[in-house]
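Visitor: Please take a close look at one strand of this model and at the residues and strands around it, and then set that part in its wider context. I would like the criteria behind each term to be stated as you go.

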Amino acid sequence: MRIEFVSSARGDFHWSRPVLTIGRSEENDLVVSEGQVAPRHVRIHHDRRGLVLEVVPDAGKVYVNARPVREWALLRSGDSLALGECRMLIRDDTDVDARESVPPNEARCTAALRPVAGPLSGRVVPIGDRLELGATHGALPLELPGNDAALLGLAWDDDELVLDASRVPARHATRVNGVTVVRAVLQPGDQIGIAHHRFVLDAPGWAAEPVLAPPPSDVPLEAANDESGGARGDVWWLIVTAVLLAIGIAAVLFVRL
């Protein structure tokens, strides 16, 4: 696991042990010197569910992907974690700075960006044929640390929704699901992060319904009849058993009364 610090000069924090503690105290594995961070704030560990975040009781506010967490939450690579004013990005050491492009199942559909962190939070931004987020040129502002100018574009290319981050300063890497990209084909549910901004791509109806395979036509009729007969026999056996149990319970109650 690797933790990156958003909009901070602090280097990445690497961790390979089963448990990681984060807090203001020097006793923690990862020390965060922030006034709103408790001496021991959160604990991250692996179990059968994956990567689990546990909040220490009365530790203070914790946000995962801009959503408050009171007790625990499941983490995955690309998730943002905020303790007070300190914002971190959870990364997998196996992540590579590239991403396979997988074409969508359907042609162009209704799609929108839903900001979940940053000044634009709480809005839904329709993409339409093209959407540009930029400090001066875009349809919506994209404020970055240092007042850097950036232009982040999303546009349809045939049946693919393509993100273009070529006009974003290199020091504000654009990430899709935690992986740094310059150009990427997006899928519904993808998480896009740049500096303190974070967006989720919503596209209802994008994925096609799964096609159910018809039953094989070469099954003998006798075999099908045998299976249905067996099922009917099981049902009758269950009914008889339930009736006998009901009679037995009624008899016991009658004797006691």
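Guide: What follows starts at one strand, moves to its partners and neighbouring residues, and ends with the sheets and some individual sites elsewhere.

This is a predicted model, in which local features need pLDDT of at least 70 and side-chain atom pairs count only at pLDDT 80 or more, while totals for chains, interfaces and linings use all residues. Residues are numbered from 1 along each chain as its sequence is written, and side-chain values use heavy atoms, with hydrogens and water left out.

The secondary structure of the protein comes to 1 helix and 21 strands, where helices (H or I, at least four residues) and strands (E, at least two) are DSSP runs numbered from the N terminus. Of the 257 residues in the protein, 38% are buried, a term that stands for under 20% relative accessible area, with exposed meaning over 50% and partly exposed in between (1.4 Å probe, protein chains only).

The strand chosen here is β21, residues 197–202, which is largely enclosed by the rest of the structure because 5 of its 6 residues are buried. Strand β12 (residues 112–117) runs antiparallel to β21 and is joined to it by 5 bridges; two strands are said to pair if DSSP finds at least two bridges between them. Within this pairing, Arg 114 has Val 200 of β21 as its bridge partner. Strand β20 (residues 191–194) is also antiparallel to β21, with 4 bridges between them, and here Gly 193 stands opposite Arg 198. The strands β20 and β21 form a hairpin with 2 residues between them, and Ala 195 in that turn has a positive phi of about 55 degrees.

Two residues outside this hairpin touch members of it. Asn 65 is found in the loop between β7 (62–64) and β8 (67–68), and it counts as buried because its relative accessibility is 13%. Leaving aside residues up to four places away in sequence, Asn 65 touches Asp 79, Ser 80, Val 116, Gln 191 and Arg 198, contact meaning heavy atoms within 4.5 Å. A polar atom of the Asn 65 side chain lies 2.9 Å from the backbone nitrogen of Ser 80. Arg 175, in strand β17 (residues 174–176), touches residues that include Gln 191, Ile 192 and Gly 193, again not counting residues up to four places away in sequence. The side chain of Arg 175 is joined to that of Glu 4 by a polar contact of 2.4 Å, such a contact being a pair of N or O atoms within 3.5 Å, where within protein one must be able to donate a hydrogen and the other to accept it, and residues adjacent in sequence count only if both atoms are side-chain atoms.

The loop that holds Asn 65 lies between two strands, β7 and β8, that belong to an open sheet of 6 strands with antiparallel pairing in the order β2-β1-β11-β10-β7-β8. Its edge strands are β2 (13–14) and β8, each of which pairs on one side only. In this sheet, strand β1 (residues 2–5) runs antiparallel to strand β11 (residues 86–91) and is joined to it by 4 bridges, with Arg 2 opposite Arg 91 of β11.

Another open sheet has 4 strands, antiparallel in the order β14-β15-β16-β19, and its edge strands, each pairing on one side only, are β14 (130–134) and β19 (183–185). Between strand β15 (residues 151–157) and strand β16 (residues 160–167), which are antiparallel, there are 6 bridges, and Gly 153 has Asp 164 in β16 as its bridge partner.

Turning to rings, the structure holds 1 aromatic pair. Phe 13 and Trp 15 form this pair, which is stacked, at 6.1 Å centre to centre and 10 degrees between the planes; rings of Phe, Tyr and Trp (its six-membered ring) pair if their centres lie within 6.5 Å, and planes under 30 degrees apart count as stacked, over 60 as edge-to-face and the rest as tilted. Both Phe 13 and Trp 15 are buried.

Lastly, among contacts in the protein between residues at least 6 apart in sequence, 42% join residues at least 24 apart.
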